[in-house]
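The exercises below are to be worked with the sequence and the coordinates side by side. Each one sets a task and then goes through a solution step by step.

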Amino acid sequence: MKIKSLSYILIETTDINHWESYARDVVGLMKNQEKSDENNLFLRMDESPFRFQIQKGDIDRYGIGGFELASKEEFEQAKIELTDSGIVFETQADDIAQIRCVEELISLKDPAGNSLELFYGRSLDSTDFKSTQDISSFVTHGMGLGHVVFGTLEVEAAHNFYINILGFGDSDIMRMKFAPDAPESVLYFMHCDNPRHHTVAMMQAPTPPSGLVHAMVEVETAEEVVAALDRAVENNVHISSTLGRHMNDKMFSFYMQTPAGFMLEYGYDGIQPDWSNFETTNSAAPSYWGHEFNMPEA
């Protein structure tokens, strides 16, 4: 199986207006006016009809990640491989496919309980993307939205699922302690069939109430990262981490809280390895410098 990219994220919210102002005034995303209504907010960051679907609900939480396959043939082969591996999945109806702007999709869960959708044939929007904050562009072409990091105590089972079932590869394996007297935890950073250093990571830690540790979006310049940090501060968004430079993917970034409770990493300059001659790394620490975390009170 060859997953092309993480194409979209669905998020449940109790306050769509909060998400709309956060996306517009801080992140710099564009509202898809035609698809959005009082119960759904569709946010664009490129030529795709949306990358974030914010859906009105009873909680504030990450919901689903949508992963793309290259063709109907690969989609059908993926279903065969899932069946042969004993993985239960559900074929979604045409109305759900229409909402996601895809030809066909199936839904399933990974061993950590995270909801996934696999699909093929996503449409493009006919209107040009224009950032609300004059961002030159987000780094998505051929690599999808960005990446997501999950927390789970079932980290080995989840890692095996993404490697052996979904066909991801290990980019970096990090072992670290979150406190001097804490046991060692492992983080698996995994890439799919595109140059982004990692599209999914699994952290050995309890699953957070938000359902996600963080998601990442990438821009074209360091100045746009710093400008986003300034906008976050001006809009009273909690800054979860200072600016820093990661050790494994070399990303220059900061982290801020989203209205759903998980963090959004806003980054620049992530490496794009050539997987044909890449060897999995073992980073000694998360960052070369910076990234001092200050999490909000629960």
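The model is a predicted one, and every value quoted here is computed from it.

**Exercise 1. Determine which side of helix α2 is covered and which is open, and say what does the covering.**

Solution. Begin with the open side, where Glu-73 and Asp-84 of α2 are exposed. Next, collect the residues of α2 that are buried, namely Phe-75, Ala-78, Lys-79 and Leu-82. Viewed down the helix axis, these buried residues of α2 fall within an arc of 100°, so they line one face of the helix. The general background is that an α-helix has 3.6 residues a turn, so residues three or four places apart point the same way. As a check on geometry, α2 spans residues 72-84, and its 13 residues reach 18 Å from the first C-alpha to the last, close to the 18 Å expected at 1.5 Å a residue. The cover over the buried residues of α2 includes strands β7 (104-109) and β8 (115-120) together with helix α4 (155-165). Finally, follow the chain just past α2, where Gly-86 takes a positive phi of about 75°.

**Exercise 2. Find the residues other than glycine with a positive phi at Cys-101 and Asn-236, and state for each whether it is buried or exposed.**

Solution. Start from the general expectation that most residues other than glycine have a negative phi. Cys-101 departs from this sign, with a phi near 65°, and it lies in the loop between α3 and β7. Its relative accessible area is 13%, and since the cut-off for buried is under 20%, Cys-101 counts as buried. Asn-236 also has a positive phi, near 60°, and its place is in the loop between α5 (222-234) and β14 (239-246). With 73% relative accessibility, Asn-236 counts as exposed.

**Exercise 3. Describe the nonpolar cores and the surroundings of Leu-118.**

Solution. The largest nonpolar core holds 63 residues, and those touching the most other members are Phe-52, Leu-118, Tyr-162, Leu-166, Met-256 and Tyr-266. Helix α1 (residues 16-27) gives the most to this core, with six residues. A second core, separate from the largest one, has eleven residues, among them Val-149, Met-174, Met-203 and Val-213. Now take Leu-118 and set aside residues up to four places away in sequence; its contacts then include Met-1, Ile-3, Phe-67 and Leu-69, as well as Leu-105, Ile-106, Leu-108 and Leu-166. Phe-75 and Leu-82 are also touched by Leu-118, and both of these belong to the buried residues of α2.

**Exercise 4. Classify the ring pair of Phe-138 and Tyr-266, and explain what the pair connects.**

Solution. A pair of aromatic rings is described by the distance of the centres and the angle of the planes. For Phe-138 and Tyr-266 the centres are 6.5 Å apart and the planes stand at 70°, so the pair is edge-to-face. Phe-138 lies in the loop between β8 and β9 (147-152), whereas Tyr-266 is in strand β16 (residues 263-268), so the pair ties together parts that are 128 residues apart in sequence. Both Phe-138 and Tyr-266 are buried. For a further example, Trp-275 and Phe-278 are also edge-to-face, at 5.0 Å centre to centre and 80° between the planes. There, Trp-275 counts as partly exposed at 22% relative accessibility, and Phe-278 is partly exposed with a relative accessible area of 26%. Ring pairs also link Tyr-8, Phe-42, Phe-50 and Phe-119 into a cluster.

**Exercise 5. Place Leu-212 in the chain, and identify what it contacts beyond its sequence neighbours.**

Solution. Leu-212 is in the loop between β12 (200-204) and β13 (214-219), and at 1% relative accessibility it counts as buried. Leaving aside neighbours within four places in sequence, Leu-212 is in contact with Tyr-62, Val-148, Val-149, Phe-150 and Phe-262. Phe-262 and Leu-212 are 50 residues apart in sequence, while their C-alpha atoms are 5.7 Å apart in space.

**Exercise 6. Describe how strand β10 is covered and paired.**

Solution. Strand β10 (residues 169-176) is mostly covered, with six of its eight residues buried. Seven bridges join β10 to β11 (residues 185-191), and the two strands run antiparallel. To fix the register, note that Arg-175 has Val-186 of β11 as its bridge partner.

Note on methods
Residues are numbered from 1 along each chain as its sequence is written. This is a predicted model: local features need pLDDT of at least 70, side-chain atom pairs count only at pLDDT 80 or more; totals for chains, interfaces and linings use all residues. Side-chain values use heavy atoms; hydrogens and water are left out. Buried means under 20% relative accessible area, exposed over 50%, partly exposed in between (1.4 Å probe, protein chains only). Helices (H or I, at least four residues) and strands (E, at least two) are DSSP runs, numbered from the N terminus. Two strands pair if DSSP finds at least two bridges between them. The expected span of a helix is 1.5 Å times one less than its number of residues. The arc is that of the directions from the helix axis to the C-beta atoms. Contact means heavy atoms within 4.5 Å. A nonpolar core is a set of buried Ala, Val, Leu, Ile, Met, Phe, Trp, Tyr and Cys residues joined through side-chain atoms within 4.5 Å. Rings of Phe, Tyr and Trp (its six-membered ring) pair if their centres lie within 6.5 Å; planes under 30 degrees apart count as stacked, over 60 as edge-to-face and the rest as tilted.
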